[in-house]
Amino acid sequence: MKKILKPVILTSVLMAALIGGAVFFMSGRGSVSSELADRIRNDQSDQADGNVFRYDLNMSAVELKNSGPDKNILNFDTDHVYSVANSNQARERLDRLIKRLNTTFENPVIAADPFGTMPGSVYFYFTTSYQGMVRYTVTVEDNEAPDFVRYIANGKEGNVTDVHEFCVTGLVPGQTNYILLEMLDSKGNTRETTAFKYDVPKTEMPLKLSYEKGRSEELCEGGLFALFPQGDPNIYLYDNSGMLRRTIRTEGGHGSRLYQYGDSLIYQIGEAKVARVSGLGRVTGVGEVKGYGPIRDFSYDGYDNIYALVTKKGRDYLVSVSLKDNKTRQVYAFPKGIRAESVTSAEGGRLYASAVSPAGLVRLDALTGARTEVSLILGDKKAWKKTPLKKKVKQDDTVAQWDLKGVKLNLDVSGSDGNKDYINTYLYDKKKGTGLKFVVVAKEKKAEIIHQYPVGEKGSCLFDSYGNHYIMGNCGTGIFSEYDEMGKVTREFTYGKPLDGMTKLSLYGINYYSGE
């Protein structure tokens, strides 16, 4: 898959979308000095070789033990974790302990994955007599495993506080991990340090993906690649060095979507269930689509509702399920004979669906209203002539030539405003595989291509923008790459087995601080 893409730049409107995208990904409150921000960005880039492991750490680090007379880490029930009630009980147990103890940097509350959704993670809680931020480094003896450095996002002005609660992730399965905690002041100076060591169980997933550097002179954008392996129910996050850094546990199925909204992640946990989970791993909402069968694709509105594309008795429906009361509501019934393929995220009460029979882009409005309306269809008017929606179709020769079978639409929420919606996808245009970014202009009722990256990849492929870069993956081969704006590869990674999906997330504002 490692090819130099040939970008076709058709309009400068992309710049506004990319700038907005950077703001979206780098969420946080307050900022630090430009010097510290640069250091944070470099530390969290996951593209530096080597590690800081020292053999004396084995003697000086406090060993975290889950059992035995020297047990010093709390264990929690890992059954039925995707229950808001059970998550609330775990939270109450932590709060009772925190209230009873006088926690400090030297004597924190420590628990092993208290909410059960992030195996291998370690929870910490403590207070300090001064305002500061936490930086942690995960290091192992294996020189082939680079360090994992992260700054904790605490949501306070300048990212400094005297109350510190977070989960350490990035631990390497099957190895003894050394967790180096540092307390920093607002200027990034280290005030206190401590170290722990923790053995993490093995996993069947590869610990490190092979990668090749591309021709781009740019580094990868900071963040983690999320992989959805076929035949494995869990979601796995890898860093820019190819190291496995987190496992997201599900009940039995992961779908192919993982959304990052505010301080939460939203993803499938079963064929018809979706959960909203905090940065600590706490389950804050669960919704199950009932009466329609498996979820074929889904999106989230940023508040309380999941919008799922489902099929019942050969007919496609868009339904919503509330993460608060778990009620399923029919939002729209596609007329018989119209086959929907995927949906974008729901923004401002609207979303787009890709249709393959007949082919076209369908915009649905008033999702939360009494009656959802099809406001626009772009495609070939002749193909839609015999359908009940023929009056909604606007001839669009650009869309008419697209093969929308198997595509996944990704709405770029940073640039969309209701009149102009920016969408990313991978599709086949004249039998050539192309990563495509386009804008739908509602008032003018047309689609305009902004960037297209023809690479000729066949099979099930994905394409999306990420910060100032683009992510493209071939799900059939398990090979994915990050490209710069000029279409040059920064790094190409090989998982080597089929995937149901993949994406990249920053986790800024959820777990990590961006410095912005």
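## Lysine 65 and its partner

Does lysine 65 count as buried, partly exposed or exposed? With a relative accessibility of 27%, lysine 65 falls in the partly exposed class, because buried means under 20% and exposed means over 50%. Keep in mind that what you're looking at is a predicted model.

Lysine 65 also has a charged partner: its side chain makes a salt bridge with aspartate 70, and the closest N and O atoms sit 3.5 Å apart. The structure contains 22 salt bridges, so let's move on to some others.

## A salt-bridge network around arginine 363

Arginine 363 is a good residue to click on next. Its side chain meets that of aspartate 365 in a salt bridge, at 2.9 Å from N to O. Arginine 363 and aspartate 365 are both buried. For arginine 363, the relative accessibility is 9%, which is why it counts as buried.

Arginine 363 has a salt bridge with aspartate 421 too, this one at 3.2 Å from N to O. Arginine 363 belongs to strand S22 (residues 359-365) and aspartate 421 to strand S27 (residues 420-429), so this pair ties together parts that lie 58 residues apart in sequence. Aspartate 421 has a relative accessible area of 0%, so it is buried. Add Arg350 and you have the whole network: salt bridges link Arg350, Arg363, Asp365 and Asp421.

## Aromatic pairs

Now for the rings. The structure holds 22 aromatic pairs. Take phenylalanine 124 and phenylalanine 166: their ring centres are 5.5 Å apart and their planes are at 15°, so this is a stacked pair. Phenylalanine 124 is in strand S3 (residues 122-139), while phenylalanine 166 is in strand S5 (residues 161-168), so the pair ties together parts that are 42 residues apart in sequence. Both of these phenylalanines, 124 and 166, are buried. They also belong to a cluster, in which ring pairs link Phe105, Phe124, Phe126, Phe166 and Phe196.

For an edge-to-face pair, look at tyrosine 261 and tyrosine 300, with 5.1 Å from centre to centre and 80° between the planes. Tyrosine 261 sits in strand S12 (residues 258-261) and tyrosine 300 in strand S16 (residues 297-300), so here the pair ties together parts 39 residues apart in sequence. Tyrosine 261 and tyrosine 300 are buried as well.

## Arginines over ring faces

Which residue lies over the face of phenylalanine 76? That's arginine 93, at 4.2 Å from the ring centre. Tyrosine 130 has an arginine over its face too: arginine 191, at 3.7 Å from the ring centre.

## A four-stranded sheet

Strand S16, home of tyrosine 300, is also part of an open sheet of four strands. The order is S16-S17-S18-S19, and the pairing is antiparallel. S16 and strand S19 (328-333) are at the edges with a single partner strand each, so one side of each has no neighbour in the sheet. From one strand to the next, the twist averages 25°.

Between these edges, strand S17 (residues 305-312) and strand S18 (residues 315-322) run antiparallel and are joined by eight bridges. If you want a spot to check on screen, find tyrosine 307, which stands opposite serine 320 in S18.

Definitions and conventions. Residues are numbered from 1 along each chain as its sequence is written. This is a predicted model: local features need pLDDT of at least 70, side-chain atom pairs count only at pLDDT 80 or more; totals for chains, interfaces and linings use all residues. Side-chain values use heavy atoms; hydrogens and water are left out. Rings of Phe, Tyr and Trp (its six-membered ring) pair if their centres lie within 6.5 Å; planes under 30 degrees apart count as stacked, over 60 as edge-to-face and the rest as tilted. Helices (H or I, at least four residues) and strands (E, at least two) are DSSP runs, numbered from the N terminus. Buried means under 20% relative accessible area, exposed over 50%, partly exposed in between (1.4 Å probe, protein chains only). A charge sits over a ring if NZ of Lys or CZ of Arg is within 6 Å of the ring centre and within 35 degrees of the ring normal. A salt bridge is a side-chain nitrogen of Lys or Arg within 4 Å of a carboxyl oxygen of Asp or Glu. Two strands pair if DSSP finds at least two bridges between them. Axes are lines fitted to C-alpha atoms, for helices over the stretch in contact, and angles run from 0 to 180 degrees between N-to-C directions.
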